[in-house]
Amino acid sequence: EAKTLAVSSSADNLTLATSEPWLNVEKSFLDGVTTITATPDVSSLTEAGFYTGTIDITSPLGTTKHPVELSLDNIHLFADKATVALVETANISNSQVTLNINSNSVLPWGWQAATDATWLNLTANADTNQLTITADASALTNNATTTAAITLSGNEQTTAIADTIQVSFYKSDAITENNSLDIVANSNGVVTDPLLPQYYVATSNELRSYHLYTNELLSTTVI
């Protein structure tokens, strides 16, 4: 990200130099003010870290060194969702999702995705930076929830900090119906689990968890 520095001068008589090859500067003069724009060339830096340098500003009166600091982070990869909950029942089919893959890098970057779960199919689109996750329900146990992890990492051209996407798949041959619970929940007392097929209800001094598709009471905790 470029930064600017304004220097008052009676004429366009300043010359600029930098102490580091990754630091580029240019200037413009208007109405007695020289605007100096400093821009880091991070493509020449191969490691994350803290870099320092100076802009040497020379006028007829001498040279002033202006310090410059650059903090360069590692490249991070991340999906727009950290968890994915898939499901297939007798009347619900949600076995596929497409995620957007992002990075904090200002330069071109590449990525890849991998998993040890044989029941997951991963399709990476490098042009759109999207990952399509498809579950093969035939390989999973019926009336059960199976979990897995997907690892995002840099490809051969990109060194990046890896990220993990957690995936769950609930499979059932039962028909899912809308059911109501005869309880009074506390204010803001209902929360759905982002990964597992269950939801939590705070009622009075109890925290209860229910199955999202069967409404079965899974646990009760007195608080």
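**Notes on strands and pockets**

1. Let's start with one pair of residues: Val87 has Asn94 of β9 as its bridge partner. Keep in mind as you look that this is a predicted model.

2. Now zoom out to the strands around that pair. Strand β9 covers residues 93-94 and pairs with β8 in the antiparallel sense, over two bridges. Follow the chain from β8 to β9 and you'll go through a hairpin of four residues.

3. What else does β8 pair with? Strand β8 (residues 83-88) is also joined to strand β15 (residues 163-171), by six bridges, and these two run parallel. If you'd like a spot to find on screen, try Thr83, which stands opposite Gln166 in β15. So that the two pairings don't get mixed up: β8 runs parallel with β15, but β8 and β9 are antiparallel.

4. Next, have a look at the open sheet. Three strands make it up, in the order β1-β4-β3, and their pairing is antiparallel. Why is one side of β1 and one side of β3 left without a neighbour in the sheet? Because β1 (3-8) and β3 (23-30) stand at the edges, and each has a single partner strand. Going from one strand to the next, the twist averages 20°.

5. Within this sheet, check how β3 meets β4. Strand β4 takes in residues 33-40, and eight bridges join β3 to it, with the two running antiparallel. One residue pair to pick out here is Leu30 and its bridge partner in β4, Val33.

6. On to the pockets. How much space lies in the largest pocket? About 630 Å³. Its lining has 25 residues, and those nearest the centre are Leu72, Asp73, Ile75, Ser105 and Leu107. Sorted by class, the lining of this largest pocket has 13 nonpolar, nine polar and three charged residues. Strand β6 (residues 62-72) gives the most to that lining, with three residues.

7. The second largest pocket comes in at a volume of about 230 Å³. It is lined by 14 residues, with Glu1, Lys3, Ala38, Val68 and Glu69 the closest to its centre. By class, you'll find nine nonpolar, two polar and three charged residues in this lining.

8. Which strand gives the most to the lining of the second largest pocket? That's β6, with four residues. Strands β1, β4 and β6 each supply at least two residues there. You've met β6 already, as the strand that gives the most to the lining of the largest pocket, and β1 and β4 as members of the open sheet.

Conventions: Residues numbered from 1 in each chain as written. Predicted model: local features only at pLDDT ≥ 70, side-chain atom pairs only at ≥ 80, totals over all residues. Heavy atoms only, no water. Pairing = 2+ DSSP bridges. Axes fitted to C-alpha atoms, helices over the stretch in contact; angles between N-to-C directions. 1 Å grid on protein atoms, 1.4 Å probe; cavity = no way out; pocket = protein on both sides within 12 Å on 5 of 7 lines; lining within 4 Å. Points joined across faces, edges and corners; volume = space filled by probe spheres on them. Nonpolar A, V, L, I, M, F, W, Y, C, P; charged D, E, K, R; others polar.
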